Amino acid sequence: MPTIVVVGAGVSGITCAYELAKRTKDNVITVVAKHMPGDYDIEYASPWAGANVLPMAVEKDSRWERRTWPKLEHLAKEVPEAGIHFQKSRVLRRDKDIVDGHCKGPLSDGLFDPNPWYKSLMPDFRELSANELPSGYQSGCEFTSVCINTMIYIPWLVGQCAKLGVVFKRATLKHISEAKKLSHTGKPADIIVNATGLLACKLGGVMDAKVRPARGQIVVVRNESGEPASQGTGTMMVTTSGNDDGEEQLTYVMQRAVGGGTILGGTYQKDNWDANPDHNIAVGIMKRAVEVMPELTGGKGIEGLDIIRHGVGLRPFRDGGVRLEKEKIDGTWVVHNYGHSGWGYQGSYGCAEGVVELVDEIVESKAKFSKLTTRPLLESTSSSTITSVFGANMADSSKKSPPIYAQAINLALDIANGRHFLSKLIPPALFLLDTLLCALVIWKVPYTEIDWKAYMEQISQYVSGERDYTKIYGGTGPLVYPAFHVYIYTALYYLTDHGKDIFLAQQLFAVLYLTTLSVVMLCYWQAKVPPYVFPLLILSKRLHSIFVLRCFNDCFAVLFFWLAILAFQRRKWQTGALLYTLGVGIKMTLLLALPAVGVVIFLGTASLAKSLELLVMMVAVQVLIGVPFLVGNTSGYLGRAFELSRQFFFKWTVNWRFMGEERFLSKEFALALLGLHILALGVFITTRWVKPSRKSITGLVKSILSGKAPFTRREEAEQVQRAVTPRYITTTILSANVLGLLFARSLHYQFYAYLAWSTPFLLWRSGVNPLVQYLLFFAQEWAWNVYPSTTTSSKVVVGVLAATVGLVWWGAREDWEPRGTSRAEKSVRAKR
């Protein structure tokens with residue numbers, strides 16, 4: 001039962017507490033804050049808000065508002081006691097405020113875009129005709145929104161939390177870590193949620209210099225326009241892109257639900273902490289409101305306004321946008337959710353959903369770590385655990401401080417599992433260590449000639465004008481790699497004095513190795529791989545040999561492979577597809593990952609049309625780079641560069657030597673491997689890779705064959721896209737890669753470049769004990785360093801590949817689960 005303390009009782013903090021309490025009864029939640037609902041203080045923004053829904057984000061950052069709107073819409077329809085009602089909203093634009101499609105004022109994100117993304121989200125959206133626009137405005141739109149009476153809604157939300165067992169406590173914190181001791185249970189908090197808003201710039205342990213106030217001044221009046229707006233409300237909600245009183249001055253009008261009055265606004269004054277209403281500003285606000293909506297006073301001007309009160313609040317503005325992420329502070333996980341500026345209410349449920357996801361990740365990682373440290377370190381008849389190995393002192397730390405060696409072990413475990421600030425230093429430290437190792441290898445280990453000379457001989461023929469692939473040969477045989485290989489090695493040909501400067505070539509390949517390693521580390525970090533896995537990335541003797549002692553073209557293909565994964569992780573689908581196809585243009589081995597790349601793009605874009613567009617682009621790139629050779633001899637180029645029926649020499653095989661040469665060379669063996677590969681791909685696709693779609697493979701295929709979009713509702717598409725996480729992407733593509741290598745007709749030593757950095761990730765995702773992960777990795781490393789391969793080494797190669805595939809299919813199931821699956825369901829599956 002995780003103990004959670006939410007710091008902050010504004011709309012963001014209380015909504016987080018509400019959603020966490022609804023998530024599971026296991027969450028024990030306390031909300032602590034200096035200011036509570038009912039207080040009015042300049043530091044406490046929520047009571048001063050309008051509040052309404054006017055989508056402000058640009059489309060790529062719109063998740064939080066998209067996910068909040070259905071919740072507020074439901075409350076307005078079904079829960080009148082929440083104090084939310086529907087209201088027609090008009091957004092008015094002046095051409096002079098719009099530059100390159102975006103408003104240049106303080107509300108410069110997506111609200112005033114002439115072609116806004118939210119037109120498909122907000123009900124009844126339409127563009128206004130010219131005769132509907134007030135004087136001075138050139139365009140505008142109208143849609144149904146909601147307005148919130150904050151004096152009713154926040155207490156209602158507190159009541160919902162209380163019903164779910166959430167406890168509220170007043171406290172003034174100087175440091176975020178103090179929250180650990182403030183749970184109403186008396187127990188230390190397992191997780192702290194930081195929803196402190198503007199005070200995040202002052203709170204110790206956070207001290208976010210990007211957070212600053214954006215002062216908002218309003219006037220609350222009794223007047224209503226009397227127009228029959230949506231759902232029986234009175235005043236139309238109006239917002240404008242700008243005015244002539246200055247960029248800090250805003251114009252908006254909205255009517256709060258349940259008799260809350262009409263709000264006239266406003267200002268957006270960054271770095272202004274003044275809590276007192278300014279008379280001159282108030283007059284300007286009222287004048288602008290009456291100009292844009294004269295019916296408020298029936299033509300009487302501002303003298304006809306019946307003022308209830310003036311108000312000033314400070315929006316929690318943050319340079320760079322909202323901070324929604326987790327970090328460890330003084331040994332306790334903190335989930336940050338602050339910096340919402342003026343959209344705290346309209347993004348509240350979406351951001352709370354993000355907080356719940358991060359809390360779930362922390363809880364699940366703790367559960368996994370608990371299993372690792374309480375089960376046997378090695379699967380054997382012994383039941384020794386870490387506690388029993390190091391004595392009762394560690395287990396009974398509540399009675400006395402653990403001994404130094406136990407503290408050292410705990411510290412090491414914290415660092416290794418990413419729970420300590422030093423954890424972040426492990427990847428760069430390993431990178432620096434490997435830089436020295438590469439230099440040492442080049443200095444001390446003799447260069448080994450295998451394919452470099454042949455590459456250069458082939459390139460010299462290309463440079464001399466030969467474009468017929470069937471006529472380009474080197475010492476080890478014909479040119480059998482796609483055109484992008486030719487272009488890369490042409491550059492190397494000139495850089496290394498026609499291939500003669502081997503020492504320079506080795507240095508270039510060392511840089512290539514370190515560049516690729518840095519990309520791999522970034523991919524691992526994006527997928528939240530714990531630091532204890534990272535040492536495996538630099539411990540391969542064979543991999544260093546492939547790069548700096550052999551200079552194989554596989555090294556470039558692997559770089560583009562990992563760059564593509566990194567681009568996909570960052571949802572750069574077009575960039576990722578381009579990088580992937582360029583990698584294929586170096587060596588067609590990367591085609592092994594094509595089925596997974598296709599699935600990732602399809603689910604990541606949630607669009608069949610976009611997926612097909614990217615597929616066409618990838619094919620077009622292959623054609624484009626191959627044009628000089630396709631023109632001269634099309635079949636010769638395709639037959640050599642993408643030959644699928646190549647006969648391999650038994651003497652070079654690393655994987656199937658134990659089968660014997662006769663069986664290895666047989667057509668039946670090749671067909672059996674192909675059949676098994678297709679079968680295994682089918683199993684992974686149907687039972688794992690397409691799971692985030694929440695549809696059966698049959699349903700997806702039917703939709704695709706019929707030409708219909710498989711995800712028809714926007715919410716459904718977004719749900720699928722959210723499930724395509726960096727971890728899902730990496731697990732899916734690497735599992736396809738290793739699956740292809742398992743059933744490859746023959747693997748040569750340079751193919752280890754595709755495997756060495758894939759295995760650690762997949763073994764980690766399989767969930768096996770870290771000692772088992774290391775044992776399997778080093779068994780694989782030993783087998784790939786046996787030269788020439790033997791019956792035993794080839795059995796180990798295939799055995800580790802098969803074990804990796806089987807373990808990741810079984811153990812990494814949660815990576816392919818649709819997001820939002822309940823913990824109870826996961827628990828049931830874990831017991832099966």
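**Exercise 1. Around His677**

Which residues does His677 touch, not counting residues up to four places away in sequence? Find them, then say where His677 sits and whether it is buried or exposed.

*Solution.* Keep in mind that you're working with a predicted model.
- Start with the contacts: His677 touches Leu592, Leu739, Gly740 and Phe743.
- Next, its place: His677 is found in helix H20, residues 667-689.
- Then its accessibility: the relative accessible area of His677 is 14%. The cut-off for buried is under 20%, so His677 counts as buried.
- Finally, a long-range check: His677 and Asn276 are 401 residues apart along the chain, and their C-alpha atoms are separated by 72 Å.

**Exercise 2. H16 against H23**

Work out how the axes of H16 and H23 are oriented, and which residues make the contact.

*Solution.*
- Take the geometry: the axes of H16 (residues 594-605) and H23 (residues 726-742) come within 8 Å and cross at roughly 155 degrees.
- Apply the cut-off: angles over 145 degrees count as roughly antiparallel, so that is the label for H16 and H23.
- Add the hand: H16 passes H23 in a right-handed crossing.
- List the contact: H16 brings Ala596, Val597, Val599, Val600 and Leu603, while H23 brings Tyr728, Ile729, Thr732, Ile733 and Ala736.
- Sort by class: that gives nine nonpolar residues, one polar and no charged.
- Bring in the helix geometry: an α-helix has 3.6 residues a turn, so residues three or four places apart point the same way.
- Look at H23 as a whole: 15 of its 17 residues are buried, and its first and last C-alpha atoms are 24 Å apart, close to the expected 24 Å.

**Exercise 3. Two left-handed crossings**

Classify the pairs H1/H3 and H25/H27 by angle, and break down each contact by residue class.

*Solution.*
- Begin with H1 (residues 11-23) and H3 (residues 150-163): they pack at about 25 degrees with axes 9 Å apart. Anything under 35 degrees counts as roughly parallel, so H1 and H3 get that label.
- The crossing of H1 and H3 is left-handed.
- On the H1 side you'll find Val11, Ile14, Thr15, Ala17 and Tyr18, meeting Tyr153, Ile154, Leu157, Val158, Gln160 and Cys161 in H3. The classes come out as nine nonpolar, two polar and no charged.
- Now H25 (residues 759-766) and H27 (residues 791-811): the angle is about 40 degrees and the axes are 7 Å apart. That makes H25 oblique to H27.
- H25 passes H27 in a left-handed crossing too.
- Thr759, Leu762, Leu763, Arg765 and Ser766 of H25 meet Thr804, Leu807, Val808 and Gly811 of H27. This contact has four nonpolar residues, four polar and one charged.

**Exercise 4. Backbone oddities**

Go through the cis peptide bonds at Gly266 and Pro788, then the positive phi values of Ser341 and Asp497.

*Solution.*
- Gly265 to Gly266 is a cis peptide bond with omega near 0 degrees, and Gly266 is found in strand E13 (residues 262-267).
- Tyr787 and Pro788 are also joined by a cis bond, with omega about -10 degrees; Pro788 is in the loop between H26 (770-784) and H27.
- Ser341 isn't a glycine, yet its phi is about 55 degrees. It's in the loop between E17 (332-338) and H5 (348-374), and at 14% relative accessible area Ser341 is buried.
- Asp497 has a positive phi near 55 degrees and lies in the loop between H11 (483-495) and H12 (502-526). At 46% relative accessibility, Asp497 counts as partly exposed.

Definitions and conventions. Residues are numbered from 1 along each chain as its sequence is written. This is a predicted model: local features need pLDDT of at least 70, side-chain atom pairs count only at pLDDT 80 or more; totals for chains, interfaces and linings use all residues. Side-chain values use heavy atoms; hydrogens and water are left out. Axes are lines fitted to C-alpha atoms, for helices over the stretch in contact, and angles run from 0 to 180 degrees between N-to-C directions. Helices (H or I, at least four residues) and strands (E, at least two) are DSSP runs, numbered from the N terminus. Angles under 35 degrees count as roughly parallel, over 145 as roughly antiparallel, 65 to 115 as roughly perpendicular and the rest as oblique. A crossing is left-handed if the near helix is turned anticlockwise from the far one by less than a right angle, and right-handed if clockwise. Contact means heavy atoms within 4.5 Å. Ala, Val, Leu, Ile, Met, Phe, Trp, Tyr, Cys and Pro count as nonpolar, Asp, Glu, Lys and Arg as charged, and the others, Gly among them, as polar. The expected span of a helix is 1.5 Å times one less than its number of residues. Buried means under 20% relative accessible area, exposed over 50%, partly exposed in between (1.4 Å probe, protein chains only).
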